[in-house]
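Visitor: I am new to this structure and would like a close look at a single part of it. Please take one helix and lead me through its surroundings step by step.

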Amino acid sequence: MSESGRRFGGGGSRSRSVAELTPEEARKKAKEICFDLLAARPRTKDELRQALRRKGFDERTRETLLGKLDEAGLVDDEAFAQLWVRSRHTQQGLARSALVAELKRKGVDSDVAVEAAGEIDRDAEEQRARELVRKKLRTMAGLDERTATRRLLGMLARKGYPQGLSYVVVREELRDAGAESTLLDDIVPD
């Protein structure tokens, strides 16, 4: 192998661990890791913190870098939360409660998560639930009402929709699809 191959990591040479790096090399490497992660998609400050922790960077290096990224506007948990809510509600059909739970798992402050999810009002949430039920109903033509009802309610529950809203939406959409009555007719919603 050539000398240049050995110098630049070719031919199976092992890369140095974070502990073997000088403080300046560690800061550069941590910055590189964060930029790579941010290039793939927006991240929360806590997601970056956890990635750096897993790679072995000390707390001082992590927090100093995260502070600089925050000051530069490259990490903004509020903007991340708003983008996440719009995207996940539109693409995955998640309800407010599920979105708040996801944001909290990503390290977003509870108040910020609730505020971001608050952008979705009850009408928008109900409309998205109806769209999901209609789409699912198209694939359930041969199923009996009990099975269809159970699957539709389960789908909405997994996506975080409140039980009362789910009952109303499923009952009305089943009626619109041709059911004269449904198993949910006698249930009073929340």
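Guide: Of the 190 residues of the chain, 38% count as buried, a word that here means under 20% relative accessible area, with exposed meaning over 50% and partly exposed lying in between (1.4 Å probe, protein chains only). This is a predicted model, in which local features need pLDDT of at least 70 and side-chain atom pairs count only at pLDDT 80 or more, while totals for chains, interfaces and linings use all residues. Residues are numbered from 1 along each chain as its sequence is written, and side-chain values use heavy atoms, with hydrogens and water left out.

The secondary structure comes to ten helices and zero strands, where helices (H or I, at least four residues) and strands (E, at least two) are DSSP runs numbered from the N terminus. The part to look at closely is helix 5, which spans residues 77-92.

At its start, a side-chain oxygen of Asp76 reaches to within 3.1 Å of the backbone nitrogen of Glu78. After helix 5 comes Gly93, whose phi is positive, near 75°.

Between these ends, the buried residues of helix 5 are Phe80, Ala81, Trp84, Val85 and His89. They cover an arc of only 145° around the axis, which puts them on the same side of helix 5; the arc is that of the directions from the helix axis to the C-beta atoms. An α-helix has 3.6 residues a turn, so residues three or four places apart point the same way. The cover over the buried residues of helix 5 includes helix 3 (45-55), helix 6 (96-105), helix 7 (110-117) and helix 8, contact being heavy atoms within 4.5 Å.

The largest nonpolar core has 18 residues, such a core being a set of buried Ala, Val, Leu, Ile, Met, Phe, Trp, Tyr and Cys residues joined through side-chain atoms within 4.5 Å. Apart from it lies another core, of 15 residues, and among them are Ala81, Val85, Ala98 and Ala113.

Helix 5 also takes part in a cavity, which is a set of points on a 1 Å grid over the protein atoms alone where a 1.4 Å probe fits but cannot get out, its lining residues having an atom within 4 Å of a point. The largest cavity is lined by Glu78, Gln82, Val112, Glu115 and Ala116. Helix 5 and helix 7 each supply at least two residues of this lining, and the largest share, three residues, comes from helix 7.

Notes. Polar contact = N/O pair within 3.5 Å; in protein donor to acceptor, adjacent residues only side chain to side chain. 1 Å grid on protein atoms, 1.4 Å probe; cavity = no way out; pocket = protein on both sides within 12 Å on 5 of 7 lines; lining within 4 Å.
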